[in-house]
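Trainee: Got a minute to walk me through the helix packing in this one? I'd like to go pair by pair.

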Amino acid sequence: MTELEPIDILYDEAIARHRSGDTDAAIEMLRQLLSQNPNYSLAHNALGVLYSRQGKVDQAIEHAKRVCEIDPDDTFGFTILSTLCIKNGRREEAEEALMKASQLRHAAWLKSMKEGASE
């Protein structure tokens, strides 16, 4: 069994705090985590969700955008970004993110078809 890195433990603790009802503490822990590792996409994703639930739209979208910057091949990240934008009247941004998610899905499908054909 592999040991978790300290940053992964902090992330898990933040999520546990949220699940126990202390969302403000969870957000603070995730922010601390990002001060140590600004490219930890799981923390950005979690903050996007938590801020969205609190009605802090701009902050939620900024964290969703950061997930997409960190991992530009993450279909899920672009889908979440699109959803947040459409929910908040940012249609053009939503369309762009959805198009990127569709392109990534299509590229993955093409790759799987090529790999399947070569077998």
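Trainee: How close do the axes of H1 and H3 come, and at what angle do they cross?

Mentor: Keep in mind that this is a predicted model. The H1 and H3 axes come within 11 Å, with a crossing of roughly 15 degrees. Angles under 35 degrees count as roughly parallel, so H1 is roughly parallel to H3.

Trainee: And what is the handedness when H1 passes H3?

Mentor: Left-handed. On the H1 side the contact uses Tyr11, Ile15 and His18, and H3 brings Leu42, Ala43, Ala46, Leu50 and Arg53.

Trainee: How do the residues of that H1 with H3 contact split by class?

Mentor: Six are nonpolar, one is polar and one is charged.

Trainee: OK, switching pairs. How do H3 and H4 cross?

Mentor: H3 covers residues 41-53 and H4 covers 57-70; their axes come within 7 Å and cross at roughly 155 degrees. Over 145 counts as roughly antiparallel, so that is how H3 runs relative to H4. The H3 and H4 crossing is left-handed.

Trainee: Which residues make the contact there?

Mentor: From H3 you have Ser41, His44, Asn45, Leu47, Gly48, Tyr51 and Ser52. H4 answers with Gln59, Ala60, His63, Arg66, Val67 and Ile70. By class, the contact of H3 with H4 has five nonpolar, seven polar and one charged.

Trainee: His63 caught my eye. Is His63 buried or exposed?

Mentor: Buried: its relative accessible area is 16%, and the cut-off for buried is under 20%. His63 sits in helix H4.

Trainee: What is His63 in contact with, leaving aside neighbours within four places in sequence?

Mentor: Leu34, His44, Leu47, Gly48 and Tyr51.

Trainee: New topic, then: H2. Which residues of H2 are buried?

Mentor: Thr23, Ala25, Ala26, Ile27, Met29, Leu30, Leu33 and Leu34.

Trainee: And what covers the buried residues of H2?

Mentor: The cover includes H1, which is 6-19, along with H3 and H4.

Trainee: Last one. How far apart are the end C-alpha atoms of H2, and what span should its residues give?

Mentor: H2 is residues 23-36, which is 14 residues. At 1.5 Å a residue they should span 20 Å, and the end C-alpha atoms are 20 Å apart, so the two agree.

Trainee: Nice. So what describes two packed helices in general?

Mentor: The angle between their axes and the distance between the axes.

Note on methods: Residues are numbered from 1 along each chain as its sequence is written. This is a predicted model: local features need pLDDT of at least 70, side-chain atom pairs count only at pLDDT 80 or more; totals for chains, interfaces and linings use all residues. Side-chain values use heavy atoms; hydrogens and water are left out. Axes are lines fitted to C-alpha atoms, for helices over the stretch in contact, and angles run from 0 to 180 degrees between N-to-C directions. Helices (H or I, at least four residues) and strands (E, at least two) are DSSP runs, numbered from the N terminus. Angles under 35 degrees count as roughly parallel, over 145 as roughly antiparallel, 65 to 115 as roughly perpendicular and the rest as oblique. A crossing is left-handed if the near helix is turned anticlockwise from the far one by less than a right angle, and right-handed if clockwise. Contact means heavy atoms within 4.5 Å. Ala, Val, Leu, Ile, Met, Phe, Trp, Tyr, Cys and Pro count as nonpolar, Asp, Glu, Lys and Arg as charged, and the others, Gly among them, as polar. The expected span of a helix is 1.5 Å times one less than its number of residues. Buried means under 20% relative accessible area, exposed over 50%, partly exposed in between (1.4 Å probe, protein chains only).
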